[in-house]
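Open the structure in your viewer and keep the selection panel at hand. Each stop below says what to select next and what is there.

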Amino acid sequence: MPKVLSMILAGGEGSRLYPLTQSRTKPSVPFGGSYRLVDFALNNFVNSDLLRIYVLTQFKSQSLNQHLSQAWELNSITDTFIDAIPAQMRMGKHWYSGTADAIYQNIQFIKEDEAELVCIFGSDHIYKMDIRQQIAFHEEKGAVLTVSAIKLPKEQAYHFGIIEIDEEGRMIGFAEKPAVADAKTIPGDPDHVLASMGNYVFDSKALQAELIRDAALEDSSHDFGKDIIPHLYPQGKVFVYDFTTNTIPGESGETYWRDVGTIESYWEANMDLIKDTPPITLYNRKWPMHTYYPPLPPANFRNTDQFDCRISRSLISDGAYITGALVNKSVLGSKCVIGNGTEVHESVLIGESNIGQNCKILKTIIDKDVHIADNVQIGVDLEEDKKRFTVSDEGIVVIPKGARIGF
Amino acid sequence: MAGILAMILAGGEGSRLFPLTQTRTKPAVPFGGNYRLVDFALNNFVNADLMKIYVLTQFKSQSLNIHLRKAWRLSGIGKANRFIEPIPAQQRVNKNWYSGTADAIYQNARFIEKSGPDHVCIFGSDHIYKMDVQQMVEYHKEKGGALTVSAIRVAKQHAYHFGIIEIDEEGRMIGFAEKPAVEDAKTIPGDPDHVLASMGNYIFESKTLLKELYEDAADSESAHDFGNNIIPKLYPQGNVFVYKLSDNYIPGEPAMAYWRDVGTLDSYWEAHMDMLKPEAPFSLYNKNWPLHTYHPPLPPATFRDPDGAINDVAQSLIGAGSYINGATIKNSVLGFRSHVCKDVVIKDSIFLGNAKVGAGCRLTKVILDKNVEIAPGTVIGENLEEDRKRFTVSDEGVIAIAKDSRIGF
């Protein structure tokens with residue numbers, strides 16, 4: 001195994017996830033009751049025994065920094081670390097202009113390191129991946145750069161970098177976010193394209209040379225997808241790792257990878273967790289999902305003279321206090337209090353919220369620290385909800401952090 | 001280094017909690033789904049910002065040591081002044097295990113001498129309660145005594161379990177009897193049904209403690225125990241004071257002080273049931289008094305509804321990593337990774353964690369230790385005569401199933 005340095009890009013603004021990203025950067029958005037988006041990328045590295053990690057932060061990073069120090073501080077006598085690097089304007093007074101610029105501005109951390117390979121990964125996606133398998137592929141191919149890729153329906157092509165490969169897995173074409181009509185489909189499969197996951201394994205020397213070359217170009221947008229990959233792949237040393245070949249110990253079935261960049265995709269990925277046969281599970285003793293656990297007791301269920309708690313298809317986190325309520329197809333983060341006679345369906349409660357008695361909540365995302373009075377209905381009359389809340393095109397209501405409703 | 005040093009006695013064998021103590025020392029016994037008994041004492045110090053803590057271990061301490069390392073290791077700056085460190089029994093003084101509580105401290109007196117605190121807190125770790133130890137420290141300093149003992153009012157019929165205290169109006173100890181017969185126990189003046197019991201929590205002025213320990217160690221007649229030997233010798237000198245737990249105030253806690261020995265299966269079970277009562281006298285949640293522990297990397301409790309079977313849950317705590325598949329759960333505490341299959345009915349029970357209960361089982365008043373697997377259709381707790389043939393059954397009918405058991409296969 002070569003020596004590896006990992007850099008996780010965690011600066012995303014996540015504007016399409018508004019209002020969940022009103023006060024936090026996208027990688028810091030909570031997910032699945034106990035986690036934040038960044039935990040998925042970090043668990044992929046940690047469970048792959050790759051423990052030399054810089055996390056590059058930028059926008060509204062306070063809650064992310066706090067999470068990293070609470071959940072991910074390594075206490076070690078060996079050469080392992082998970083360190084946040086805030087944007088420091090090392091190369092001039094500007095924020096990162098693109099993904100390559102984010103790495104270029106921190107190139108000294110790569111120069112100072114002995115690593116032969118540098119992993120540059122995003123932190124916005126929900127998936128599990130044994131990164132060692134991509135590294136082994138990279139070594140086997142003798143690649144300068146390996147990009148991991150996943151097969152997606154053609155109509156989503158305009159969101160992604162679309163890749164063409166030869167029989168050996170060498171990249172022979174690349175188009176960043178092409179129009180769907182122009183996207184090159186997989187040979188023999190006209191409905192699908194091969195999309196870059198934005199995860200790169202680079203030879204360290206080649207990476208440094210590319211970054212320095214690109215930084216000097218005035219007309220570059222300093223982005224891996226737009227600038228670096230299009231320049232590199234024609235040299236024939238860029239290979240594409242097929243994510244569907246990745247295996248996780250203790251798991252079988254199809255690989256799962258979701259962008260949760262919009263309210264709808266965020267809601268759907270949460271709903272995936274509670275399906276009868278969930279396409280991704282948070283529970284695998286051979287692939288534990290680490291995160292920060294606040295000091296809280298187990299979820300507490302209370303009945304009343306009228307109702308027991310009726311719970312179906314839901315995730316319920318520590319510190320919950322549920323009294324005579326019905327919770328169905330929902331994900332509840334820590335410290336959710338739900339009152340007697342209330343019904344919650346198809347909703348995501350991020351945590352620390354208090355819902356009164358006899359409420360009805362349908363298909364709603366409730367951010368942290370929301371208080372809802374008794375007898376409130378949300379998600380029942382979307383026309384009414386639109387006057388007060390963000391409602392997505394698909395009819396998902398979003399209640400922002402700290403809201404007080406019905407008082 | 002001046003200040004307060006804490007020494008927590010965590011060597012208890014806990015034989016009356018068998019089989020829960022078959023493989024672990026009493027302070028390592030899980031409690032309340034997420035916790036172990038020792039967490040309560042440690043939280044009382046940590047939440048009081050007293051963070052120089054030695055934990056004295058002895059019997060079957062491996063699971064306790066692992067827990068302390070995972071949950072209670074302090075990191076970062078100021079480590080010299082903030083630590084929580086286990087000290088295993090090391091036979092430093094001679095080749096004996098600790099013969100009594102005072103001997104346990106005596107054998108580790110060098111840690112006190114090395115650290116040089118003004119006062120030493122010597123606390124047990126077998127009880128369920130919340131106490132801001134800083135308030136007892138303040139009381140101890142204000143009285144200026146050599147020793148302060150914390151005490152709680154308990155019903156007279158329990159007197160034979162405890163050290164029973166008499167005090168004067170200033171809180172000075174004027175009488176002490178270790179585990180007296182009930183009829184001999186001195187009741188609280190004006191309250192003939194209650195006695196004042198020592199909680200086994202001591203704050204000593206350091207020099208006095210060391211002097212007493214050395215004198216006691218040299219006394220071949222002594223049992224080397226605080227209750228039997230040190231306190232009876234010290235209090236007649238007039239500088240032992242008594243701190244009442246009922247004077248301890250934690251914001252958000254009920255007015256009535258709660259302190260439970262969970263040394264038997266029955267008391268262990270009852271303390272769990274206390275938390276599930278509608279007006280619970282003890283709660284694991286208070287944002288002013290967070291209860292820290294080790295939380296394994298587990299997702300939230302997952303509820304499923306195979307064939308539309310909705311989970312009916314009442315007066316229960318359910319831990320992370322659990323899978324509940326269309327079951328009825330009443331008055332129960334299910335620890336981490338409790339896997340409950342369809343049509344199971346669980347009542348008045350406690351799962352310590354990682355249990356698997358097959359479809360259609362009915363469990364009543366059962367304590368399942370860790371890693372127990374129960375075959376589908378098994379009924380436990382409805383016929384105690386039958387259950388006695390297979391399991392430990394307490395006087396009050398609590399059934400305890402040992403760690404790693406496989407039942408009904």
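Begin in chain B. Select Val120(B) and Phe204(B): Val120(B) stands opposite Phe204(B), which sits in S11(B). Keep in mind that this is a predicted model.

**Stop 1: around strand S6 of chain B**

Widen the selection to S6(B), residues 119-123. Is this strand enclosed or open? Its surroundings answer that: five of its five residues are buried, so S6(B) is largely enclosed by the rest of the structure.

Now show the side chains. His119(B), Cys121(B) and Phe123(B) point one way from the strand, while Val120(B) and Ile122(B) point the other way. Both sets are buried. This fits a general pattern: in a regular strand, side chains alternate between the two faces of the sheet.

Add the partners of S6(B). Strand S11(B), residues 194-205, pairs with S6(B) in the antiparallel sense over four bridges. Strand S1(B), residues 4-10, runs parallel to S6(B) and is joined to it by five bridges. To see the S1(B) pairing, select Ala6(B), which stands opposite Cys121(B).

**Stop 2: chain B as a whole**

Zoom out and colour chain B by secondary structure. Nine helices and 30 strands make up its secondary structure. Its radius of gyration is 22 Å, close to the 22 Å that the globule rule gives for 409 residues, so chain B is as compact as a globular protein of that length. Along the principal axes, its C-alpha atoms fill a box of roughly 70 × 50 × 45 Å.

Colour by burial next. Of the 409 residues in chain B, 50% are buried. Among contacts in chain B with a separation of 6 or more, 58% link residues 24 or more positions apart.

Then colour by confidence. Chain B has a mean pLDDT of 93, and 97% of its residues reach 70 or more. For the complex, the predictor gives an ipTM of 0.87 and a pTM of 0.91.

**Stop 3: the nonpolar core**

Select Val147(A), Ala149(A), Val238(A), Ile8(B) and Ile367(B). These have the most contacts inside the largest nonpolar core, which has 243 residues.

Centre on Ile367(B). What does it touch, leaving out residues up to four places away in sequence? The answer is Leu265(B), Trp269(B), Ile350(B), Val398(B), Ile399(B), Ala400(B) and Ile401(B).

**Stop 4: where the chains meet**

Show both chains and select the contact between them. Chain A gives 31 residues to this contact and chain B gives 32 residues. On the side of chain A that touches chain B, strands S14(A), residues 299-302, and S15(A), residues 309-316, each supply at least two residues. The largest share of that side comes from S15(A), with eight residues. By type, the side of chain A that touches chain B divides into 15 nonpolar, 11 polar and five charged residues.

Stay on S15(A). Three bridges pair it with S14(B), residues 301-304, in the antiparallel sense. Select Ile316(A) and look across: Ala301(B), in S14(B), stands opposite.

**Stop 5: a sheet through both chains**

Now trace an open sheet of 12 strands with mixed pairing. Which order do the strands follow? Select them in turn: S28(A)-S24(A)-S21(A)-S18(A)-S16(A)-S14(A)-S16(B)-S19(B)-S22(B)-S25(B)-S29(B)-S28(B). The edge strands are S28(A), residues 404-405, and S28(B), residues 392-393, and each pairs on one side only.

Step into the chain A part. S16(A), residues 321-323, and S18(A), residues 337-338, run parallel and are joined by two bridges. Ile322(A) has Ile338(A), in S18(A), as its bridge partner.

**Stop 6: helices H1 and H5 of chain A**

Select H1(A), residues 37-47. This helix is mostly covered, with 11 of its 11 residues buried. Among them are Phe40(A), Asn44(A) and Phe45(A). After H1(A) comes Asp49(A), which has a positive phi, near 60°.

Move to Ile131(A), in helix H5(A), residues 131-141. Why does Ile131(A) count as buried? It has 23 C-beta neighbours inside 10 Å, and the cut-off for a buried residue is 20 or more.

Show the contacts of Ile131(A), leaving aside neighbours within four places in sequence. They are Asn44(A), Phe45(A), Ser48(A), Leu50(A) and Cys119(A). Of these, Asn44(A) and Phe45(A) are among the buried residues of H1(A).

Finish with a distance. Pick the C-alpha atoms of Ile131(A) and Ser392(A): they are 35 Å apart in space, and the residues are 261 apart in sequence.

How values were computed
Residues are numbered from 1 along each chain as its sequence is written. Chains are lettered from A and ligands numbered from 1 in the order in which they are written. This is a predicted model: local features need pLDDT of at least 70, side-chain atom pairs count only at pLDDT 80 or more; totals for chains, interfaces and linings use all residues. Two residues are in contact if their C-beta atoms, placed from the backbone, lie within 7 Å. Ala, Val, Leu, Ile, Met, Phe, Trp, Tyr, Cys and Pro count as nonpolar, Asp, Glu, Lys and Arg as charged, and the others, Gly among them, as polar. Two strands pair if DSSP finds at least two bridges between them. A residue is buried if 20 or more other C-beta atoms lie within 10 Å of its own, exposed if 12 or fewer, and partly exposed in between; C-beta atoms are placed from the backbone. A nonpolar core is a set of buried Ala, Val, Leu, Ile, Met, Phe, Trp, Tyr and Cys residues joined through C-beta atoms within 7 Å. The radius of gyration is taken over C-alpha atoms; the globule rule is 2.2 Å times the number of residues to the power 0.38. pLDDT is the predictor's confidence in each residue, from 0 to 100.
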